[in-house]
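Work through these exercises with the sequence and the model side by side. Try each task before reading its solution.

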Amino acid sequence: MGADNAGLRVAVIGMGQRSAIARHVAEAAAADPALHAQVVAVADVTVAGRERGRAEYPDALVVDHHRELTGHADAAIVTTPDWTHAEIAIDLLRAGIAVYLEKPLAITVEDADAVLNTAAETGTPLYVGHNFRHAAVVRLMREIVDRGEIGEVKAVWCRHFVGNGGDYYFKDWHADRANVNSLLLQKASHDLDVIHALGGGDTSRVVGMGSLSVYGDVTDRRDRSGELMGDWFSHDNWPPLAQTGLNPVVDVEDVSMVMMTLDNGVQASYEQCHFTPDYWRNYTVIGTEGRLENIGDTGGGVVKVWTHRRGWDTTGDREYPIDGVEDGHADADLLTMTEFLRSVALGEPTELSPIAARAAVAAGALATRSLRNGSVPIDVPRLPAETIAHFTHPTTHPSQTVGS
Ligand SMILES: NC(=O)c1ccc[n+]([C@@H]2O[C@H](COP(=O)([O-])OP(=O)(O)OC[C@H]3O[C@@H](n4cnc5c(N)ncnc54)[C@H](O)[C@@H]3O)[C@@H](O)[C@H]2O)c1
């Protein structure tokens with residue numbers, strides 16, 4: 001497999017806001033002489049998307065539909081809207097095209113399981129882009145936990161202040177349940193995944209509560225087809241009730257709370273609000289011998305650790321600086337794309353796992369079901385044993401020799 005000199009032939013499916021992550025293909029390949037990979041094809045169902053594809057990759061094949069990529073690509077980066085993920089991933093896996101799938105893996109547990117089961121049946125590599133796992137703040141918190149600085153973890157709390165929420169999620173397809181299920185899939189999947197990583201287990205039982213408290217009251221609506229979020233984003237769009245041009249359908253919750261019991265007994269909670277003035281997330285991890293908390297979640301922030309008793313004290317016993325970029329997540333994105341490409345081209349194992357991506361979908365989707373049904377507790381169903389075995393004892397796929 002692989003066209004002459006191209007090494008790993010990569011396609012980008014969905015030339016929207018997030019397709020920028022595919023720029024890291026060239027960056028990763030340039031940084032590593034062993035890695036031969038380049039974007040050779042683009043698929044987008046819209047004229048505007050295909051035009052963006054031609055502008056970004058003038059030498060690439062540009063097609064309307066992902067099914068036309070068979071024979072032209074060895075791997076595909078899927079950056080289409082959430083509701084399309086499962087179907088596109090399953091088609092690609094069946095066509096033998098290795099998949100980099102943007103989070104969330106799917107918008108229901110059933111669809112997530114269908115993707116994982118197809119990957120297990122076909123043996124085609126599947127990777128889900130949970131880039132936040134590679135963010136410096138997450139790596140730092142995990143190091144503190146792993147070296148036992150706060151003892152054995154018993155509780156993880158995450159407050160998510162989604163100050164950009166009005167612009168990010170309420171002015172296009174994200175605002176409609178039919179497209180995302182809820183923002184506990186679209187937005188929370190990063191943090192639910194990181195809660196699992198910090199807690200050392202996956203959600204086994206979940207309860208949700210939440211409502212559409214603010215954006216449902218904004219009556220100024222319009223269809224923004226053809227535009228991308230960068231076209232309307234502004235910090236001047238404030239306060240939230242003064243927002244204009246929301247999506248015609250707004251029926252996802254803008255404030256929600258999730259409580260989880262992990263399969264190792266760790267107790268966890270996640271709170272998400274889309275109408276705060278500030279945009280960041282704040283974790284607290286409490287162990288048997290201390291607690292940690294991040295102040296800021298990018299370069300310039302710190303993680304503080306408290307390990308002896310006292311009253312109110314914001315200083316902590318130790319403070320660790322967070323490395324990395326001060327805005328956004330380009331550093332984590334490069335690490336994530338490099339990991340995907342090396343796994344497919346060179347057969348290397350990955351730190352990110354589709355099983356973990358499914359655990360994040362399960363927690364978010366079932367929390368959504370709970371909050372829309374009287375906050376009943378819901379138990380997470382288990383994946384088939386053969387699917388778990390496939391991902392926990394991976395075998396090398398034929399395409400994994402491409403580019404090596
Ligand atoms: N990991 C992260 O940090 C991160 C950040 C942003 C977005 N995302 C994910 O990226 C995905 C895309 O988000 P976005 O903000 O780029 O959306 P977007 O609306 O800006 O772009 C989506 C693109 O996909 C195209 N498209 C739609 N259906 C398609 C199909 N069936 N086949 C081919 N193309 C199709 C659209 O025409 C558009 O060009 C989402 O699932 C989102 O969760 C991840």
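Buried means under 20% relative accessible area, exposed means over 50%, and partly exposed lies in between (1.4 Å probe, protein chains only). The model is predicted: local features need pLDDT of at least 70, side-chain atom pairs count only at pLDDT 80 or more, and totals for chains, interfaces and linings use all residues. Residues are numbered from 1 along each chain as its sequence is written, and side-chain values use heavy atoms, with hydrogens and water left out.

**Exercise 1. Place Val156 and decide whether Val156 is buried or exposed.**

Step 1. Find the element. Val156 sits in strand 7 (residues 153-162). Helices (H or I, at least four residues) and strands (E, at least two) are DSSP runs, numbered from the N terminus.

Step 2. Apply the cut-off. Val156 is counted as buried because its relative accessibility is 0%.

Step 3. List the contacts, meaning heavy atoms within 4.5 Å. Beyond residues up to four places away in sequence, Val156 touches Ile195, Leu198, Gly199, Val266, Gln267, Ala268, Ser269, Tyr283, Thr284 and Val285.

Step 4. Compare sequence with space. Arg139 is 17 residues from Val156 in sequence, and their C-alpha atoms are 15 Å apart.

**Exercise 2. Find which residues of the largest nonpolar core touch the most other members.**

Step 1. Fix the term. A nonpolar core is a set of buried Ala, Val, Leu, Ile, Met, Phe, Trp, Tyr and Cys residues joined through side-chain atoms within 4.5 Å.

Step 2. Rank the members. The largest core has 76 residues, and Leu105, Val156, Met260, Tyr270, Tyr283 and Leu292 touch the most others.

Step 3. Look for the main contributor. Helix 11 (residues 354-371) gives the most to this core, with ten residues.

Step 4. Check for a further core. Another one, of 26 residues, lies apart from it and includes Val12, Val25, Val42 and Val62.

Step 5. Take one hub. Outside a window of four places in sequence, Met260 touches residues including Leu192, Ile195, Thr203, Arg205 and Tyr270.

**Exercise 3. Describe the surroundings of two acidic side chains, Glu293 and Asp167.**

Step 1. Start with Glu293, in strand 12 (residues 290-295). Its relative accessible area is 13%, so Glu293 is buried.

Step 2. Look for polar contacts. Such a contact is a pair of N or O atoms within 3.5 Å; within protein, one must be able to donate a hydrogen and the other to accept it, and residues adjacent in sequence count only if both atoms are side-chain atoms. The Glu293 side chain makes one with the side chain of Arg291 at 2.6 Å. Another reaches the side chain of Asn282 at 3.1 Å.

Step 3. Turn to Asp167, in helix 6 (residues 165-169). Asp167 is buried, because its relative accessible area is 3%.

Step 4. Find its partners. The side chains of Asp167 and Lys171 are joined by a polar contact of 2.9 Å. The side chain of Gln243 makes one with that of Asp167 at 3.2 Å.

Step 5. Add the wider contacts. Setting aside neighbours within four places in sequence, Asp167 meets Met229, Trp232, Phe233, Ser234, Asn237 and Gln243.

**Exercise 4. Inspect the backbone: which peptide bond is cis, with omega near -5°?**

Step 1. Check the prolines. The bond from Lys103 to Pro104 is cis, with omega near -5°. Pro104 lies in the loop between strand 5 (98-102) and helix 4 (109-122).

Step 2. Continue along the chain. The bond from Trp238 to Pro239 is also cis, with omega near 0°. Pro239 belongs to the loop between strand 8 (203-211) and strand 9 (255-262).

Step 3. Scan phi. Asn181 is not a glycine, yet its phi is positive, about 70°. Asn181 is in the loop between helix 7 (177-180) and helix 8 (183-186).

**Exercise 5. Characterise the ligand site: which residues come nearest to the ligand?**

Step 1. Set the limit. A residue is near a molecule if one of its heavy atoms lies within 4 Å of it.

Step 2. Pick out the nearest. Of the 27 residues around the ligand, these are Arg18, Asp44, Asp82, Lys103 and Trp173.

Step 3. Give distances. A ligand oxygen is 2.8 Å from a polar backbone atom of Lys103. A ligand oxygen is 2.9 Å from a side-chain N or O atom of His85.
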